[in-house]
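Please look through the sequence and the fold shown below before reading on. The paragraphs that follow start with the cysteines and then turn to a sheet and the helix beside it.

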Amino acid sequence: MTPDLDRLKRELCSIAAHNPTSDEMGEAISRAISGVVAHDSLHVCWRNPNTDMPSFGFWHRLTAEVGRAQTINYYSGQDLTHPVEQARRGIPVQVVDAHDRLAHKVLLDNGYAGELRLLLRAAHGTWGTLVLLREQGAAPFGQGDVDRVARLAQPLVAVSRSYVRATPLHSPDGDLPPGVIVVGADHAVRGITPEGHAWLRAIRLPGALTEPEWAAVALSSEVALAGRRFVRDPTTPRPVTCLPSAYAGRWVGVQGQPLDADGTGDVAVVIRAAGAELLPALSAWYDVTGRERAVIDELREGIPAKQIARRLALSVHTVNDYLKAIYRKTGIAGRDEITAVLSG
């Protein structure tokens, strides 16, 4: 990593550690990388590499309409710029222009001429995408931009870790009952339960998404589309995601449940306090290993260390070492606290 990228990483990690809002974080990332690659608008979408589903994102000077249109295109089966497809094809940086007909039309319809998409790959998989856009009339993205933006993946993944870990883990106080957003086959929100509205008010989304209709779209679109796809092809990622406390104010689980057998009708998107999906999220963001995760699974059942050791064919000493590592990584004081956190 060059000194310039070291400085960029330190600057952004320092900002991330002070509990910024989503808009502040989006602006900070845009400002920091503007000296590397010029752009007019920006979107960073963070994904959980353990589940291959989006988790949270930052926007800067980007409208909700663009994000929604791009998401629908991703799942059309004709847009090769979806992060999962981009990773499968081994393309770390992709320029979206007239060669990508559907994706380029979305850009033109919203005042943009070109898009540069960086796959945020690091250890353990794909952590998301950085999307930079230039307005019509600006110079197109070229090979120099591609080469420079490719160097940003590692620093940005480090920033995401700093951001998520800056907010201490704790069990929720007075959590809301589950809410539901119903998404129709035309991708429009058909209805929101009162509990759903309460969740939309509680979650700290970027300013562009704070209107109830756009907040509902932001939380439901990709999960609903993933739910339809999962019905057709159960080998694709499950339509379940987990928003971190640093972003949403609490750990939030979102799950898509198609209401018909073939996934062509309405989808119920359920929002609730994170439950079973929280452990895969913590494993990703806090570097919890597979063995440590197995110990946590046993811990949730209230099993003492000696019994955990027998079940996992480990020594008690090794189990205690795993527990110490878990507490150190997550900042949790002990087994009672981690059990309370994971119980939702």
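Why is the sulfur of Cys 13 not in a bond with the closest cysteine sulfur? In this predicted model, that closest sulfur belongs to Cys 45 and lies 19 Å away, which is too far for a bond, given that a disulfide requires two cysteine sulfur atoms within 2.5 Å. Cys 13 is also buried, at 16% relative accessibility. Cys 242 is likewise in no disulfide, with the sulfur of Cys 45 as its nearest cysteine sulfur at 14 Å, and Cys 242 is buried too, having a relative accessible area of 6%. By the distance rule, the count of disulfides comes to 0.

The sheet is open and consists of 5 antiparallel strands, arranged in the order β7-β6-β10-β9-β8. Its edges are formed by β7 (189–192) and β8 (240–243), each of which pairs on one side only, and neighbouring strands are turned against each other by 20 degrees on average, with direction ignored. Within the sheet, β6 (residues 179–183) and β10 (residues 267–273) run antiparallel and are joined by 5 bridges; along this pairing, Val 182 stands opposite Ala 268 in β10. Helix α8 (residues 194–202) packs on the sheet, where it touches β6, β7, β9 (252–258) and β10, and its direction makes about 100 degrees with that of β6.

As for confidence, the protein chain averages a pLDDT of 87, and 94% of the residues score at least 70. Confidence in the chain is highest in β6, at 96, whereas helix α4 (residues 83–88) has the lowest, at a mean of 71.

Conventions. Residues are numbered from 1 along each chain as its sequence is written. This is a predicted model: local features need pLDDT of at least 70, side-chain atom pairs count only at pLDDT 80 or more; totals for chains, interfaces and linings use all residues. Side-chain values use heavy atoms; hydrogens and water are left out. Two strands pair if DSSP finds at least two bridges between them. Helices (H or I, at least four residues) and strands (E, at least two) are DSSP runs, numbered from the N terminus. Axes are lines fitted to C-alpha atoms, for helices over the stretch in contact, and angles run from 0 to 180 degrees between N-to-C directions. Contact means heavy atoms within 4.5 Å. pLDDT is the predictor's confidence in each residue, from 0 to 100. Buried means under 20% relative accessible area, exposed over 50%, partly exposed in between (1.4 Å probe, protein chains only).
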